[in-house]
Amino acid sequence: MASAVVRFLLIFSLLSVLGLESIVAQDPVFSQFYAAPIHLNPAFAGNTDDPFISVNYRNQWPQLDRAYVTYAISYDQAFPKYNSGIGVSVLKDEAGNGLIENTRFSLVYMYRIKINDDWSAKAGIEFTGAQIQYDWGRLIFPDQLDDIYGSVSPGGTPYPTSETPPDDPSARYFDVSFGGLAYSRSFYLGMSIKHLNTPAQSILSDAAGFDNGLPIKYVVQG
């Protein structure tokens, strides 16, 4: 029975992926998501009356040279007198051994409503200030590639590029996310909507029409 369920889930997942027109990877995800709750859904802020502090580290594909490395620290706490909770988090994500660095500072607020003796609901909102930094000098463009020698000449000198570097190889943006949660003593169901304002991340001044902003991400929990 268990093997049949596993086969069904694998087939269903495969068909779901094949049925998508596109897949966009955009945010770091922690496998131990229960140890980083407010990164998953701002409505999880204030799950405990006492302060909750989490420190997270992720090294994806460690056989590659620091392909994706993420650090995060967060604090959240409930204030039952006000049916509220607050949270603060800092996250730094490095891709390509520091080729792209994304640093995010977030403030979270949660409000709780008691529906009846068994069920309660929570809504949370997250405000984030972020900076994405590109190491422009390490980027390789098509006009630097030689058919035989690649991007470096036989003498050991990188081929030049005609691409003009930006005045500032970093972009700063403001981000807003929202989350909801309904729960009882034995069950919960939640949904978070990330990047509601689809902030732009481009460092190029002539990127109008090409940068559609960070796509909205929907996450369901249960």
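Guide: Welcome! A residue is called buried when its relative accessible area is under 20%, exposed when over 50%, and partly exposed in between, using a 1.4 Å probe and protein chains only. This is a predicted model, in which local features need pLDDT of at least 70, side-chain atom pairs count only at pLDDT 80 or more, and totals for chains, interfaces and linings use all residues. Residues are numbered from 1 along each chain as its sequence is written, and side-chain values use heavy atoms, leaving out hydrogens and water.

Visitor: What share of the residues counts as buried here?

Guide: Of 222 residues in the protein, 32% are buried.

Visitor: Which helices and strands should I look for, and in what pattern?

Guide: Helices (H or I, at least four residues) and strands (E, at least two) are DSSP runs, numbered from the N terminus. Along the sequence, this protein reads α-α-β-β-β-β-β-β-β-β, giving 2 helices and 8 strands.

Visitor: How do strands pair in a sheet?

Guide: Strands pair through backbone hydrogen bonds, either parallel or antiparallel. Two strands count as paired if DSSP finds at least two bridges between them. In this model, 8 strands form an open sheet with antiparallel pairing, in the order β1-β2-β3-β4-β5-β6-β7-β8.

Visitor: Why do β1 and β8 each have one side without a neighbour in the sheet?

Guide: Because β1 (52–60) and β8 (217–221) stand at the edges, each has a single partner strand.

Visitor: Which strand is joined to β1, and by how many bridges?

Guide: Strand β2 (residues 68–79) runs antiparallel to β1, with 9 bridges joining them. For one residue to inspect, take N56, whose bridge partner in β2 is A72.
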